[in-house]
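Hi everyone, thanks for making time for this. I'd like to walk you through one structure, starting with the overall picture and then going strand by strand.

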Amino acid sequence: MKRVSLALVALVAVAPLRAQSLLYRGPNMGGTWVPDAAVVQFNFLHRFYVTPGPAHGVINYPTFTLAAGLGHDVSFGGRFATKSLVGIGAGAQSTNETELFARWRAVGTEGRDGFSVAITPAYNLLAKSIDGEVAAAWTRGAVTLEGAARGVSRELGTPGRRQVALAGGFVGRLTRYIAVSGDLGSFMAPVDGRAAWSVALNLLIPGSPHTFSFQASNATSATIQGASVGYAPAGSNQILYGFEFTIPLHLKRFAPWFHGSPKPVALGAPGGAVAAEIDMAAIKFAGESITISAGQAVRWTNRDPLEHTVTFDGAEAGSPPIPPNGTYVHRFDKPGTYTYHCTPHPFMKGVVVVK
Ligand SMILES: [Cu+2]
């Protein structure tokens with residue numbers, strides 16, 4: 001029994017890391033992450049280049065990634081880059097590059113100590129190219145080392161040439177919330193002198209499932225092909241700056257849209273006559289002050305689609321998070337004036353006066 005609960009604790013402790021891919025991969029590395037089942041991962045990568053003066057024009061290079069976890073360590077997704085370098089040149093009609101991919105994480109879990117390996121077959125619609133990547137990562141404590149081998153059946157910007165790319169990178173986590181990373185990747189057959197590189201400062205936003213990175217790179221898109229080639233022709237040295245933001249969307253959270261109100265949940269101690277009802281609606285406690293007698297109880301009901309708490313300003317023990325449609329009953333045994341607030345919304349305030 002003890003072993004089971006320890007395992008559960010370990011799972012809970014590791015779980016938040018699963019979406020924190022920017023603390024475990026460099027900006028131009030696909031990584032070995034796979035969203036959990038019923039989680040859609042949305043990553044927004046935005047890089048820009050400032051042209052030399054006097055114009056100082058800003059040219060933007062965004063890549064949007066959407067991937068859905070299907071369970072069994074499998075995901076399916078797509079990337080859309082609106083200004084891809086690989087879309088420039090012979091054989092390209094557009095700079096809008098779309099890549100569809102599947103990913104199977106064959107070994108390990110990104111972010112856990114040890115090896116993780118993911119296989120990513122993909123199709124690049126702009127190049128009409130069958131692409132693929134095998135990525136491996138090795139994590140020990142604060143350090144992650146990454147490698148990737150990529151295959152491309154029609155390299156964009158060439159007359160349909162096959163290509164092979166290799167890439168490697170590292171991440172060093174300075175604290176739980178801050179990491180630095182760098183990577184280098186290049187087409188190898190032939191090497192065309194335009195290796196893709198990046199360096200980044202990666203942040204886990206405390207209390208959230210989001211990561212954010214500030215980065216510099218010479219690659220214009222995050223597709224398998226885009227992450228394998230630099231922006232500038234050999235000899236010049238043009239740097240793109242930018243950021244990436246990762247957003248895991250838990251589909252369960254959208255259930256109320258389709259299934260109506262969640263089931264009522266009753267929290268708090270029953271016992272003691274409920275002498276007053278207080279609604280929590282529109283992010284307010286209805287009726288700022290109520291008066292009851294010692295030994296009586298108050299029931300709060302959450303009518304909002306988000307969690308609230310009843311947290312007393314004094315020593316009185318308050319509620320756990322009260323889910324939408326949940327109630328919380330609290331009995332007051334001693335006379336006094338009990339001011340309280342909601343922890344997520346500290347501007348929500350109320351008073352219970354007990355005579
Ligand atoms: Cu609240």
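Here is what we'll look at: the overall make-up, the hairpins, the cores, two open sheets and a few backbone oddities.

Before we start, this is a predicted model, so local features need pLDDT of at least 70 and side-chain atom pairs count only at pLDDT 80 or more, while totals for chains, interfaces and linings use all residues. Residues are numbered from 1 along each chain as its sequence is written.

Okay, the big picture. The protein has two helices and 21 strands. Those are DSSP runs, numbered from the N terminus: H or I over at least four residues for a helix, E over at least two for a strand. Of its 355 residues, 35% count as buried. Buried here means 20 or more other C-beta atoms within 10 Å of the residue's own; exposed means 12 or fewer, partly exposed is in between, and the C-beta atoms are placed from the backbone. As for contacts, two residues make one if their C-beta atoms, placed from the backbone, lie within 7 Å. Among contacts with a separation of 6 or more, 56% are between residues 24 or more positions apart.

Now the strands. I'll say two strands pair if DSSP finds at least two bridges between them. As a reminder, strands of a sheet pair through backbone hydrogen bonds, either parallel or antiparallel.

Let's begin with strand 3, residues 74-81, and strand 4, residues 97-107: they are antiparallel, with eight bridges. Phe76 sits opposite Ala102 of strand 4. Strand 4 also runs antiparallel to strand 5, with six bridges, and there Trp104 faces Ile119 of strand 5. That hairpin has six residues between the strands, and Gly108 in it has a positive phi near 70°.

Further along, strand 7 (residues 143-155) and strand 8 (residues 161-173) are an antiparallel pair with eleven bridges. One spot to find on your screen is Thr144, opposite Val171 in strand 8. This hairpin has five residues between its strands, including Gly157, whose phi is positive, near 85°. Strand 8 then pairs with strand 9 (residues 178-187), again antiparallel, over nine bridges. Four residues make the hairpin connection from strand 8 to strand 9, and Leu166 lies opposite Ser186 in strand 9.

So which residues touch the most other members of the largest nonpolar core? They are Leu23, Ala135, Ala167, Ala196, Ala219, Ala227 and Val229, out of 33 residues in that core. By nonpolar core I mean a set of buried Ala, Val, Leu, Ile, Met, Phe, Trp, Tyr and Cys residues joined through C-beta atoms within 7 Å. At least two core residues come from each of strand 5 (114-124), strand 6 (129-140), strand 7, strand 8, strand 9 and strand 10 (196-204). There is also a second, separate core of 14 residues, with Ile292, Val310, Phe332 and Cys342 among them. Back to Ala135 for a moment: leaving out residues up to four places away in sequence, Ala135 touches Met29, Gly30, Gly31, Thr32, Ala118, Thr120, Glu146 and Ala148.

Next, the open sheets. One has four strands in the order 16-21-20-18, with mixed pairing. Strand 16 (289-292) and strand 18 (311-312) are at its edges with a single partner strand each, so one side of each has no neighbour in the sheet. Strand 18 pairs with strand 20 (residues 336-341) in the antiparallel sense over two bridges, and Thr311 has His341 as its bridge partner in strand 20.

The other has five strands in the order 13-19-17-14-15, also mixed. Strand 13 (265-268) and strand 15 (284-285) are the edge strands, each pairing on one side only. Inside this sheet, strand 17 (residues 297-302) and strand 19 (residues 326-331) are antiparallel over five bridges, and Arg299 has Val329 as its bridge partner in strand 19.

Last, the oddities. Most residues other than glycine have a negative phi, and most peptide bonds are trans. Ala38 has a positive phi of about 65°, in the loop between helix 1 (2-14) and strand 1 (39-50). Ala38 counts as partly exposed because it has 13 C-beta neighbours inside 10 Å. Asn325 has a positive phi too, near 75°, and belongs to the loop between strand 18 and strand 19. Finally, the bond from Ala189 to Pro190 is cis, with omega near 5°, and Pro190 is in the loop between strand 9 and strand 10.
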